[in-house]
Amino acid sequence: MKKNNFLSMIRRSTTISSEKEFWSQVEKTEDCWIWTGLQNEALQYGIIFDLDGICWGVHRYSYKLCYGDIPKSFNNGRKAFILHRCNNKLCVNPDHLYLGTQSDNMRDHYRSKGLIVPSEFIDPIRSMKRDGMTYDAIGDILGVSYSTIFRVVKGKGMYGN
Ligand SMILES: [Zn+2]
């Protein structure tokens, strides 16, 4: 049986043609605004495509809709990520999103376990790459650098190998 190609599936079902279409897939509560559209189950991140065929994590897309284009770098050239104040990966409430760099705490946490990324991310990252996503797009969604994704895809999910 042929394995489901996650990316071609979401390309068909989640190309967003308008802002309204994006927000129609969001359930707003008093606090977090939860993405209810398709998500990568393993990673629990919502993903959509815009009309130019560019893949977005839904939190990044929400940030861009509300605050404008996301700069490539930030804070002396460090890669810029859209981060959550609320620790809810499916939340797209612009009040809960901010521009920042990868948290040092988070990096230290994985590093202490000898991992580059959480172990449950490794298989999904490899399958997203097989499905045709770029290193950059995957890194943007997960909030890690291009080179981290590259190392995981090349079989280096752990430090020292
Ligand atoms: Zn939130």
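I count two residues as in contact if their C-beta atoms, placed from the backbone, lie within 7 Å. With that in hand I looked up Val58, leaving out residues up to four places away in sequence. Val58 touches Trp35, Gly46, Ile47, Ile48 and Val92.

**Entry: the whole chain.** I note that this is a predicted model. I went through the secondary structure and found seven helices and nine strands. The chain has 161 residues, and 29% of them count as buried. I then took the contacts with a separation of 6 or more, and 55% of these are between residues 24 or more positions apart.

**Entry: the core.** I looked up the largest nonpolar core, which holds 25 residues. Those that touch the most other members are Ile47, Ile48, Trp56, Val58, Ile125, Ile138 and Ile141. I listed the elements that give two or more residues to this core: β2 (33-35), β4, β5, α3, α5, α6 and α7. Helix α6 gives the largest share, four residues.

**Entry: helix α6.** I turned to α6, residues 135-142, and asked how many of its eight residues are buried. Six of them are, so the helix is largely enclosed by the rest of the structure. I wrote down the buried ones as Ala137, Ile138, Gly139, Asp140, Ile141 and Leu142. Next I asked what covers the buried residues of α6. The cover includes two strands, β4 (45-49) and β5 (55-57), and the helices α3 (58-67), α5 (119-130) and α7 (146-153). Just after α6, I found Gly143 with a positive phi of about 75°.

**Entry: strands β4 and β5.** I looked at β4, since it is part of the cover of α6. Four of the five residues of β4 are buried, and the strand is mostly covered. β4 and β5 run antiparallel and are joined by three bridges. I found Phe49 opposite Cys55 in β5. The hairpin of β4 and β5 has five residues between the strands, and in this hairpin Gly53 takes a positive phi near 80°.

**Entry: helix α7.** I asked which residues of α7 are buried. They are Thr148, Ile149, Arg151 and Val152. These cover an arc of only 160° around the axis, so they lie on the same side of α7. I noted a general point here: an α-helix has 3.6 residues a turn, so residues three or four places apart point the same way. I found α5 and α6 among what covers the buried residues of α7. Just after α7, Gly155 takes a positive phi of about 90°.

**Entry: α5 against α7.** I checked how α5 and α7 meet, and their axes come within 9 Å and cross at roughly 95°. That angle makes α5 roughly perpendicular to α7, because angles of 65 to 115 degrees count as roughly perpendicular. On the α5 side I listed Ile122, Ile125, Arg126 and Lys129, which meet Ile149, Val152 and Val153 in α7. Of these, Ile149 and Val152 also stand in my list of buried residues of α7.

**Entry: Arg78.** I last looked up Arg78, in strand β7 (residues 78-79). Is Arg78 buried or exposed? Arg78 has 12 other C-beta atoms within 10 Å, and a residue with 12 or fewer is exposed, so Arg78 is exposed. Leaving aside neighbours within four places in sequence, I found Arg78 in contact with Ser73 and Thr101. Gly100 is 22 residues from Arg78 along the chain, and their C-alpha atoms are separated by 9.0 Å.

How values were computed: Residues are numbered from 1 along each chain as its sequence is written. This is a predicted model: local features need pLDDT of at least 70, side-chain atom pairs count only at pLDDT 80 or more; totals for chains, interfaces and linings use all residues. A residue is buried if 20 or more other C-beta atoms lie within 10 Å of its own, exposed if 12 or fewer, and partly exposed in between; C-beta atoms are placed from the backbone. The arc is that of the directions from the helix axis to the C-beta atoms. A nonpolar core is a set of buried Ala, Val, Leu, Ile, Met, Phe, Trp, Tyr and Cys residues joined through C-beta atoms within 7 Å. Two strands pair if DSSP finds at least two bridges between them. Axes are lines fitted to C-alpha atoms, for helices over the stretch in contact, and angles run from 0 to 180 degrees between N-to-C directions. Angles under 35 degrees count as roughly parallel, over 145 as roughly antiparallel, 65 to 115 as roughly perpendicular and the rest as oblique.
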